Amino acid sequence: MFGLIGHSTSFEDARRKARELGYEEYADGDLDMWCAAPPQLVERVTVTSRTGKQIQGAYIDSVFVPEMLRRFKTAKRKVLKAMELAQKSGITITALGGFTSIIFEDMNLLKEERVSAVELDWQRFTTGNTHTAWVICQQVETNAPALGIDLASAKVAVVGASGDIGSAVCRYLQRRGIGELLLVARRPQPLIELQANLGEGRILGLEEALPEADVVVWVASLPQSLQIDTSSLKKPCLMIDGGYPKNLDSKAAAEGVHVLKGGIVEFWQDIGWQMMEVAEMAKPQRQMFACFAEAMLLDFEELYTNFSWGRNNISLEAMDRIGEASLRHGFRALALSDQATPALATA
Amino acid sequence: MAILEATPASAELETSESQSADAAGLPDFSSAAYKDAYSRINAIVIEGEQEAHDNYIAISSLIPEQAEELTKLARMELKHKKGFTACANNLGVVADMPFAKEFFAPLHGNFQTALAEGKITTCLLIQAILIEAFAISAYHIYIPVADPFARKITEGVVKDEYTHLNYGQEWLKANLETVREELEQANRANLPLVRRMLEQVAGDAAVLHMDKEDLMADFLSSYQEVLLEIGFSGREIAKLAAAALVG
């Protein structure tokens, strides 16, 4: 059985969703109430692969909302409690979605395997980052040529290059062969190490990298204050919004700038679930975060292990393996042509 | 999922982490403030164990065929009481028993009313589920910040309390169809009391480095888990548990 741990995109949204699902008491509760509320296993689903194989899964809402990010202890507890619920519910492989994996990594929760009486078994969890990285690479490979960008000579900027997903994307694109890798991240030291490790790539500040790039892969979330001078960007420019939350389309809207939601996959048929609606997918019955899909893939493949775990452990072999499984079981990466609202909106 | 390095969220997280690391040390067990708070928290625990003993004996009068099992549980509670009394002595603290009696009065009253009416379900919910689930959560949160003597004792107690929680859980599970309505009613009447009791001692608990929100969240997780075992659906459980958070 696979599991997905997710959360609502805002407190307001969470309350609305609670009302829709019939959790009236929660819909009326204030943020303090939500902070103390335990995680909920809200939905069970059966998913059928294109191969015909069927698996069962569950969606666990961590009852975390981004408004709780400032409450360190609360955020930490929300993630660990949701993982505890997944484990106690007998779920074999669970993906951490949205902020839950960010909290897990940034707060170094690996140190905290003891949640009350339960010892968490890390083998049962995955960040889903391997699949996310693979999907983002597919999105670059498919959509750049569609815009007339020749990857063999294109400059691809990876923003957040030294992170778990970013570094995997760099390695994958390096193997594929592109014009030049532009490496961007907040902290210089990991970037220098990445560059040494790759043996190529140019380290640049964000503002220097953007005007040079034909393709920009964003795997760092964007500060609210970030402003992009769209007039200085190349046209066409493909931007893959692989961060969380996905808010690049509002910052980089301009003619010739094509923003694609990154790390999103579409399944070959509808899944009878309600929960993806909270993730604001265009087609919630089929589309989902690639990290969630990774849990399904691991279940389909009966690979009961923490496939993606820790930082910078994603190998090309693992990406190939999960990618191959992804195609076989009926997932495909979201493309520009899928997006209901073209990124050509006026600036 | 994607993300990271430059997120404003993670910047905030780092800040709060360092703050919390400073505060993560153990309390000063010898300070007057600690002893003062401990005199009430410890009294609650001692009184709680005594009431648990009395309640299991009382419940055995309603389920005579299980009197032996219940008497065994009751005896364990007295053993716990002795252990916690030793914890106070070890710190040179005198437990404030009058405070504890008053603290338990509303829940005690509800239990006695249910007992007089022969309501097994309500009695079990109050004692074997609510009180036990709360005790387990509180002990778990207490253990990492307890003095070494009390830590050892509390660790031993927690193991026993699971047996008690399990007893109530199994009985209610076996009888769910006939007890459902009474259980819901008892939940509504008593869960808000648990929250009020927690709020009443939140300040003292904080002196012991036990966070009110942690206590509530942990309690609700255990409680939800028991309700799930008993056989309620996810949505029913959320509704039942919400009684602790609103109203």
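Biologist: What makes a residue of chain B count as buried?

Modeller: A residue is buried if 20 or more other C-beta atoms, placed from the backbone, lie within 10 Å of its own; 12 or fewer make it exposed, and anything in between is partly exposed. By that rule, 45% of the 247 residues of chain B count as buried. This is a predicted model, in which local features need pLDDT of at least 70 and side-chain atom pairs count only at pLDDT 80 or more, while totals for chains, interfaces and linings use all residues. Residues are numbered from 1 along each chain as its sequence is written, and chains are lettered from A in the order in which they are written.

Biologist: What are the elements of chain B, from the N terminus on?

Modeller: They run α-α-α-α-α-α-α-α-α. That gives nine helices and zero strands. Helices are DSSP runs of H or I with at least four residues, strands are runs of E with at least two, and both are numbered from the N terminus.

Biologist: How do you know which residues of chain A and chain B are in contact?

Modeller: Two residues are in contact if their C-beta atoms, placed from the backbone, lie within 7 Å. On that test, 54 residues of chain A are in contact with 35 residues of chain B. The largest share of chain A's side, six residues, comes from α4(A). Within chain B, residues 24 or more positions apart account for 77% of the contacts with a separation of 6 or more.

Biologist: Why are β2(A) and β3(A) called a pair?

Modeller: Two strands pair if DSSP finds at least two bridges between them. β2(A) and β3(A) (residues 54–61) have eight bridges, in the antiparallel sense, so they pass. Leu41(A) stands opposite Ile60(A) in β3(A). The hairpin has five residues between the strands, and Gly52(A) takes a positive phi near 100° there.

Biologist: What makes β14(A) and β15(A) a pair?

Modeller: Three bridges join β14(A) (residues 264–267) to β15(A), running antiparallel. The threshold is at least two, so they pair. One bridge partner of note: Glu266(A) has Gln287(A) in β15(A).

Biologist: Why are β15(A) and β16(A) called edge strands?

Modeller: The open sheet has the order β15-β14-β16 in chain A, with antiparallel pairing. β15 (287–289) and β16 (331–333) each pair on one side only.

Biologist: Where do the domain bounds of chain A come from?

Modeller: They come from an automatic or database domain assignment. Chain A is divided into domain 1 (2–126) and domain 2 (132–264). Their centres, taken over C-alpha atoms, are separated by 29 Å.
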